[in-house]
Amino acid sequence: MLRKYFTFADTANFVLSKNVHRAAFTLAEVLITLGIIGVVAAITIPVIVQKYNEKVTVNRVKKVYSVLSQAFKMAVEENGTPDNWGLLSAHNDSLSKLVPYLHIYKQCMSRDNNCFPIVQISSLDGSGNWNYDDFYNTLTGGFILNDGTFVVTYYIHSTDCSQEYGTSTILKNGCGTVSTDINGEKGPNRIGKDIFWFYLTKDGIFPIGSKEDTRHPMSEYCNINEKQGENGIGCTAWVLFKENMDYLYKSDLQW
């Protein structure tokens with residue numbers, strides 16, 4: 001009898017509408033779901049962004065390390081090892097030998113006033129504060145690469161490159177230290193975050209804070225709990241070898 005009043009199409013539409021009704025969500029359910037998604041996003045997105053920014057930093061440190069290392073090799077071929085560069089004790093323009101082999105935007109070798117921007121820099125823990133103008137422009141020489149990286153000689157400890165910075169062969173032939181700021185005057189201008197340090201040695205440029213480093217061990221010079229002006233100097237090796245910045249959250253990292 002039902003076939004007399006209902007076609008096959010009518011029956012199919014009835015079943016379909018019934019299934020659609022069963023599958024629908026109430027407004028309350030939709031709002032609760034959106035709320036959960038919002039909470040999860042609020043928690044995870046900042047972490048994802050932070051990790052991404054740290055990865056960018058790692059890659060920039062790798063880049064400046066590679067660029068300086070290649071320039072060092074070419075400078076040695078032309079001028080011999082740094083102990084033949086006529087280095088002077090304390091602050092000096094020892095990196096001038098690298099200039100011909102780099103893409104330089106601006107040279108600051110003559111310690112011209114305001115060659116480097118006047119910005120404050122601080123240690124990893126925030127306890128130490130320096131000024132680029134007071135330090136870089138008046139005490140030492142350096143240059144700015146085309147990508148905006150600042151590179152300066154921090155201090156020459158040994159003119160014949162016999163300073164011992166650690167137990168490895170390369171660290172027993174140390175000349176001095178080099179400071180780099182991978183994004184120039186942009187923030188945060190903090191050692192261990194965008195400012196990274198290297199040793200200038202007779203055998204090459206080497207990151208500070210390695211397992212063999214006894215002068216600037218990571219436990220003291222890359223520790224968020226240490227209150228000192230040079231904290232962060234020992235983070236460079238970790239960034240290059242471990243390829244992360246976990247020291248920003250942990251104070252008990254070990255090689």
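This is a chat about the cores, strands, pockets and unusual backbone spots of a predicted model.

User: Let's start inside. Which residues touch the most other members in the largest nonpolar core?

Analyst: The largest nonpolar core has 49 residues, and those that touch the most other members are Leu98, Phe143, Phe198, Ile205 and Tyr247.

User: And which elements each supply at least two residues of this core?

Analyst: Helix 3 (27-79) and helix 6 (236-242) do so, together with strand 4 (142-145), strand 5 (150-156), strand 6, strand 7 (195-201) and strand 8 (204-207). Helix 3 gives the most to this core, with eight residues. Apart from it lies another core, of six residues, which includes Cys108, Cys115, Phe116 and Phe150.

User: Why would nonpolar side chains be found together like that?

Analyst: As a general tendency, nonpolar side chains in soluble globular proteins tend to be buried together.

User: Now strand 4. Which way do its residues point?

Analyst: Gly142 and Ile144 point one way from strand 4, while Phe143 and Leu145 point the other way, and all of them are buried. This fits a general pattern, since side chains in a regular strand alternate between the two faces of the sheet.

User: How many bridges join strand 4 to strand 5?

Analyst: Three bridges join strand 4 to strand 5, and the two strands run antiparallel. One pairing can be followed by residue, as glycine 142 has valine 152 as its bridge partner in strand 5. Strand 4 and strand 5 also form a hairpin with four residues between them, and in the turn glycine 148 has a positive phi of about 95 degrees.

User: What about strand 1, how does it run against strand 4?

Analyst: Strand 1 (residues 104-107) runs antiparallel to strand 4, and three bridges join them. Here isoleucine 104 has leucine 145 in strand 4 as its bridge partner.

User: I clicked on threonine 177. Where is it?

Analyst: Threonine 177 lies in strand 6, which covers residues 174-181.

User: Buried or exposed?

Analyst: Threonine 177 counts as buried because its relative accessibility is 3%, and the cut-off for buried is under 20%.

User: So which residues is threonine 177 in contact with?

Analyst: Leaving aside the neighbours within four places in sequence, threonine 177 is in contact with residues including Val152, Thr153, Tyr154 and Tyr155, and also with Trp197, Phe198, Tyr199 and Leu200. His157, Tyr165 and Ile208 are on its contact list too.

User: Switching to pockets. What volume does the largest one have, and which residues are closest to its centre?

Analyst: The largest pocket has a volume of about 380 Å³. It is lined by 20 residues, of which Lys63, Leu145, Asp147, Gly148 and Thr149 are the closest to its centre. Helix 3 provides the largest share of this lining, with seven residues, and by class the lining of the largest pocket has eight nonpolar, seven polar and five charged residues.

User: What about the second largest pocket, what is its volume?

Analyst: The second largest pocket has a volume of about 230 Å³. Its lining has 14 residues, and the closest to the centre are Asn53, Glu54, Thr57, Pro188 and Lys193. By class, the second largest pocket is lined by five nonpolar, five polar and four charged residues.

User: Hang on, Pro188. Which loop is that in?

Analyst: Proline 188 lies in the loop between strand 6 and strand 7. The peptide bond that leads from glycine 187 to proline 188 is cis, with omega near 5 degrees.

User: Which residues have a positive phi without being a glycine?

Analyst: Cysteine 161 has a positive phi of about 60 degrees although it is not a glycine, and asparagine 189, also not a glycine, has a positive phi of about 55 degrees. Cysteine 161 lies in the loop between strand 5 and strand 6, whereas asparagine 189 lies in the loop between strand 6 and strand 7. Cysteine 161 is buried, with a relative accessible area of 2%, and asparagine 189 is buried as well, with a relative accessible area of 6%.

User: Last one: how many cavities of 30 Å³ or more are there?

Analyst: The structure holds one cavity of that size, and about 40 Å³ of space lies in the largest cavity. Among the residues that line it are Met218, Cys222, Tyr247 and Leu253, and the lining divides into four nonpolar, three polar and two charged residues.

Conventions
Residues numbered from 1 in each chain as written. Predicted model: local features only at pLDDT ≥ 70, side-chain atom pairs only at ≥ 80, totals over all residues. Heavy atoms only, no water. Buried < 20%, exposed > 50% of the residue type's maximum accessible area, 1.4 Å probe, protein only. Contact = heavy atoms within 4.5 Å. Core = buried A, V, L, I, M, F, W, Y, C linked by side-chain atoms within 4.5 Å. 1 Å grid on protein atoms, 1.4 Å probe; cavity = no way out; pocket = protein on both sides within 12 Å on 5 of 7 lines; lining within 4 Å. Points joined across faces, edges and corners; volume = space filled by probe spheres on them. Nonpolar A, V, L, I, M, F, W, Y, C, P; charged D, E, K, R; others polar. Pairing = 2+ DSSP bridges.
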